[in-house]
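Visitor: I would like to walk through the charged and aromatic side chains of this protein with you. Could we take them one at a time?

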Amino acid sequence: KVTLTRKELSRMFGKLFIARTQVNLHSDILDEPDFLWDNDYWEETYEKMGEYLDISNRVDLLNKRADLIRELLDVIENQ
């Protein structure tokens, strides 16, 4: 049995929400930098680097893990 208070659960939900927001909204990791709008020369290099680092798939994986954590917290909350 999990013994978390409502306050502790609320904090966990809040931390999860903040982490997900940072990954999807506040980080510019998926956006093309403004620098490339003026410098087409570097665009292909930037795209290849993103593919090499597998950025899009990593963000998707983080979101899937956040979904799983959210589901687990929902289960705990409804115990």
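Visitor: Is Asp67 buried, partly exposed or exposed?
Guide: Happy to start there, and please keep in mind that this is a predicted model. Buried would need under 20% relative accessible area and exposed over 50%. Asp67 has a relative accessible area of 35%, so the class for Asp67 is partly exposed.

Visitor: Which side chain meets Asp67 in a salt bridge?
Guide: Look for a side-chain nitrogen of Lys or Arg within 4 Å of a carboxyl oxygen. Here the N to O distance is 2.7 Å. The partner, with a relative accessible area of 28%, is partly exposed. The side chain that meets Asp67 is that of Arg20.

Visitor: How many residues apart in sequence are the parts that Arg20 and Asp67 tie together?
Guide: Arg20 and Asp67 meet in a salt bridge. Arg20 belongs to helix α1 and Asp67 to helix α4, so the pair links parts whose separation in sequence is 47 residues.

Visitor: Which residue forms a salt bridge with Glu77?
Guide: The closest N and O atoms of this pair are 3.6 Å apart, and the cut-off is 4 Å. Glu77 lies in helix α4 (residues 55–77) and the partner in helix α1 (residues 6–26), so the pair ties together parts that are 71 residues apart in sequence. Glu77 is partly exposed at 31% relative accessibility, whereas the partner is exposed at 58%. That partner is Arg6.

Visitor: Which helix holds both Glu44 and Lys48?
Guide: Glu44 and Lys48 form a salt bridge, with their closest N and O atoms 3.0 Å apart. They sit 4 residues apart, about one turn of the helix. The helix that holds both is α3 (residues 43–53).

Visitor: How many salt bridges does the structure hold?
Guide: We have met several, including Arg20 with Asp67 and Glu44 with Lys48. In general, side chains of opposite charge can pair when their charged atoms come close. For the whole structure, the number of salt bridges is 4.

Visitor: What charge does the surface patch that includes Asp28 and Glu51 carry?
Guide: Asp28 lies in the loop between α1 and α2 (35–38), and its relative accessible area of 55% makes it exposed. Also gathered in the patch are Asp31, Glu32, Asp34, Asp38, Asp40 and Glu47. Asp and Glu count as negative, so the charge of this patch is negative.

Visitor: What is the geometry of the aromatic pair formed by Tyr41 and Trp42?
Guide: The structure holds 1 aromatic pair. In it, Tyr41 and Trp42 are 4.9 Å apart centre to centre, with 90° between the planes. Tyr41 is exposed at 65% relative accessibility, while Trp42 is partly exposed at 41%. Planes over 60 degrees apart put a pair in one class, so the geometry here is edge-to-face.

Notes: Residues numbered from 1 in each chain as written. Predicted model: local features only at pLDDT ≥ 70, side-chain atom pairs only at ≥ 80, totals over all residues. Heavy atoms only, no water. Helix = DSSP H or I, 4+ residues; strand = E, 2+ residues; numbered from the N terminus. Buried < 20%, exposed > 50% of the residue type's maximum accessible area, 1.4 Å probe, protein only. Patch = residues over 30% accessible without salt bridge, like charges linked within 9 Å, V, L, I, M, F, W, Y side chains within 5 Å. Areas by Shrake-Rupley, 256 points an atom, 1.4 Å probe, with all protein chains shown as cover. Charge placed at Lys NZ, Arg CZ, Asp CG, Glu CD. Phe/Tyr/Trp six-rings, centres within 6.5 Å; stacked < 30°, edge-to-face > 60°.
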